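Work through the exercises below with the coordinates open. Try each task before you read its solution.

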Amino acid sequence: MLTMSAKKMGFQVGVLDPGENCPTAQIADWHIIADYDDVLALEEMARRSDVVTYEFENVNVDALSTITGLVPVPQGTDLLAITQDRLMEKSFLEANNIVIAPYATIISPTDIQDAIESIGYPCVLKTTRGGYDGKGQYVLKDRSDLAPAMNLLREGTCELEAWIPFEKELSIMVAGNGREYMTFPIVENIHRNNILHQTIAPANISPDVASEVTRIAKVIAKAVDLHGVLAIEIFLTSSGSIYVNELAPRPHNSGHYSIEACNTSQFDAHIRGICGWPLGEVTLLSPAVMVNILGEDLEKTYQQIQRQPDWQFHYYGKKESKKGRKMGHITIVTNDVEATKEQINQTNIWLR
């Protein structure tokens, strides 16, 4: 989707990816088949490029640093390093006076008990590196959960985080070009089994909450000298308290609705940001609901193409369909979000 935006703007696009027929390679102008930490391959990419960008967190920081003197990498490596390490991310947020859940660093099993005495149950043990869609974390509800949670410590240092009794999970996309910053509408996210299921744009929140979330987004963007887009995931409690949960230095699943529902998409904004183009203001043209297509949903969604002429179907071209793997998404622009959610339910695809 980034490639589609870039090519629409007249750019040629190359991709470095270990997959022989990865989705981007299917539409890019050229493809270097190599691992993300292959320095020689990165140097080749630098020689063939005017600008290099990354669109997920698992790029090796040290490897990427070897080409920052050869070609502009506008996102830099600091943001990547921060978002790859949960403890570093929390330290960064605290330094910028952003409210986060209480947490403790866990190096050994004895640290967990000490931390629980101050944090309490329920809480979440998370690996400091890696992990997504619920992987690399374990919820502790009481003492009986301590033993199985210890498996995470074998992967290295962890962090224990207080469970926030949130009313809604929100996210906001913010874009920057080194001179200015702009935000997308705040959305509500609904997860199933720790995987994003639906995004509702815009979120049904008070003006005060919306104003504070937008302020937080711009504070973070300025602190990292943002070039491109950044996703900020947030917990909102029933009392109106706001906790930043996680950052993602790239286009985000919860921003996919913007392709149809906004005057500019998150992908357009990312390309404009890394190329130093003006960003303009984002306008929500219509409320929308985005629903993810996982591997187990894929075949059933094909049947809906003929039945739902107003739905926008996006399939990613991934070679292998697996349970829990994101294979595409559907966006529905609507004037009645609740009716649209019921329409989605009536397909019986996602009722489980």
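The exercises cover domains, cores, a helix, a buried side chain and empty space in this predicted model.

**Exercise 1. Domains**

Task: State which domains the chain is assigned, and how far apart the C-alpha centres of domain 2 and domain 3 lie.

Solution:
- Step 1. The assignment gives domain 1 (1-73), domain 2 (102-162) and domain 3 (166-346).
- Step 2. The C-alpha centres of domain 2 and domain 3 are 29 Å apart.

**Exercise 2. The largest nonpolar core**

Task: Find which residues touch the most other members of the largest nonpolar core, and locate this core relative to the domains.

Solution:
- Step 1. The core has 46 residues; Ile220 and Ile232 touch the most other members.
- Step 2. Look at the source of its residues. Helix α8 (residues 207-223) gives the largest share, six residues.
- Step 3. Place the core. Domain 1 (1-73) and domain 3 (166-346) both contribute residues, so the core lies between them.
- Step 4. Take Ile232 and skip residues up to four places away in sequence. Its contacts are Leu170, Ser171, Ile172, Val174, Ala217, Ile220, Val244, Glu246 and Leu247.
- Step 5. Check for another core. A second, separate one has 18 residues, including Leu196, Cys262, Ala288 and Met290.

As a general point, nonpolar side chains in soluble globular proteins tend to be buried together.

**Exercise 3. Helix α10**

Task: Decide whether helix α10 (residues 266-274) is mostly covered or mostly open, and name its packing partners.

Solution:
- Step 1. Count the buried residues. Eight of the nine in α10 are buried, and the helix is mostly covered.
- Step 2. Name them: Gln266, Phe267, Asp268, Ala269, His270, Ile271, Gly273 and Ile274.
- Step 3. Trace the partners. The buried residues of α10 pack against α1 (2-8), β7 (166-177), β8 (181-183), β11 (227-237) and α9 (258-261).
- Step 4. Look at the backbone just after α10. Gly276 has a positive phi of about 75° there.

**Exercise 4. Gln198**

Task: Classify Gln198 as buried or exposed, and list its contacts.

Solution:
- Step 1. Locate the residue. Gln198 is part of strand β10 (residues 195-201).
- Step 2. Apply the cut-off. Buried means under 20% relative accessible area. Gln198 has 4% relative accessibility, so it counts as buried.
- Step 3. List the contacts, leaving out residues up to four places away in sequence. Gln198 touches Glu188, Asn189, Ile190, Val289, Met290, Val291, Lys341 and Ile344.

**Exercise 5. The second largest pocket**

Task: Give the volume of the second largest pocket and describe its lining.

Solution:
- Step 1. The volume is about 210 Å³.
- Step 2. The lining has 13 residues; Arg192, Asn193, Leu294, Glu296 and Arg352 lie nearest the pocket centre.
- Step 3. Sort by element. β10 and β13 (288-294) each supply at least two lining residues. β10 gives the most, three.
- Step 4. Sort by class: four nonpolar, four polar and five charged residues.

**Exercise 6. The cavity**

Task: State how many cavities of 30 Å³ or more the structure holds, and which residues line the largest.

Solution:
- Step 1. There is one cavity of 30 Å³ or more. The largest cavity has a volume of about 40 Å³.
- Step 2. Its lining is Glu169, Leu170, Asn189, His191, Glu233, Ile234, Phe235 and Asn245.
- Step 3. β7, β9 (187-192) and β11 each supply at least two of these residues. The largest share, three residues, is from β11.
- Step 4. By class, the cavity lining has three nonpolar, three polar and two charged residues.

Notes:
Residues numbered from 1 in each chain as written. Predicted model: local features only at pLDDT ≥ 70, side-chain atom pairs only at ≥ 80, totals over all residues. Heavy atoms only, no water. Core = buried A, V, L, I, M, F, W, Y, C linked by side-chain atoms within 4.5 Å. Buried < 20%, exposed > 50% of the residue type's maximum accessible area, 1.4 Å probe, protein only. Helix = DSSP H or I, 4+ residues; strand = E, 2+ residues; numbered from the N terminus. Domains from an automatic or database assignment. Contact = heavy atoms within 4.5 Å. 1 Å grid on protein atoms, 1.4 Å probe; cavity = no way out; pocket = protein on both sides within 12 Å on 5 of 7 lines; lining within 4 Å. Points joined across faces, edges and corners; volume = space filled by probe spheres on them. Nonpolar A, V, L, I, M, F, W, Y, C, P; charged D, E, K, R; others polar.
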